[in-house]
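Let's take a look at a small protein together. Have the sequence and the 3D view ready, and then read on.

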Amino acid sequence: MNRKKKINQTLKAKAKKANAKLHAANKSPYIAKAEREKLVQAALVVAPTAD
């Protein structure tokens, strides 16, 4: 029983990882809080000069 369970567990884990790899493109990349702050500051600097 334990051997069957371990084999099935391993196969399920591999299938789950393969499936997750296929759908990873739907997720937007992580942007650090500091980077977001820099982007906001850059947008504020650019916006008033465009008016």
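How many helices and how many strands are there in the protein? There are two helices and zero strands, where helices (H or I, at least four residues) and strands (E, at least two) are DSSP runs numbered from the N terminus. Keep in mind that this is a predicted model, in which local features need pLDDT of at least 70, side-chain atom pairs count only at pLDDT 80 or more, and totals for chains, interfaces and linings use all residues. Residues are numbered from 1 along each chain as its sequence is written, and side-chain values use heavy atoms, with hydrogens and water left out.

**Overall shape**

The protein is more spread out than a compact globule, because its radius of gyration is 23 Å, well over the 10 Å that the globule rule gives for 51 residues. That radius is taken over C-alpha atoms, and the rule is 2.2 Å times the number of residues to the power 0.38. Along the principal axes, the C-alpha trace spans about 70 × 20 × 5 Å. For a distance you can check yourself, pick K21 and Q41: they sit 20 residues apart along the chain, and their C-alpha atoms are separated by 34 Å.

**What is covered?**

Of the 51 residues, 0% count as buried (buried means under 20% relative accessible area, exposed over 50%, partly exposed in between, with a 1.4 Å probe and protein chains only). The accessible surface comes to about 5400 Å², and 63% of that belongs to carbon and sulfur atoms; such areas come from the Shrake-Rupley method with a 1.4 Å probe.

Helix 1 (residues 2-22) reaches 30 Å from its first C-alpha to its last, close to the 30 Å expected at 1.5 Å a residue. That expected span is 1.5 Å times one less than the number of residues. Helix 1 is hardly covered, with zero buried residues among its 21, and K21 is found in this helix.

Here are three residues to click on:

| Residue | Exposure | Relative accessible area |
|---|---|---|
| E35 | partly exposed | 40% |
| K38 | exposed | 53% |
| K21 | exposed | 71% |

**One salt bridge**

The count comes to one salt bridge, meaning a side-chain nitrogen of Lys or Arg within 4 Å of a carboxyl oxygen of Asp or Glu. E35 forms it with K38, and the closest N and O atoms are 3.7 Å apart. Both lie in helix 2 (residues 33-50), three residues apart, which is about one turn of the helix.
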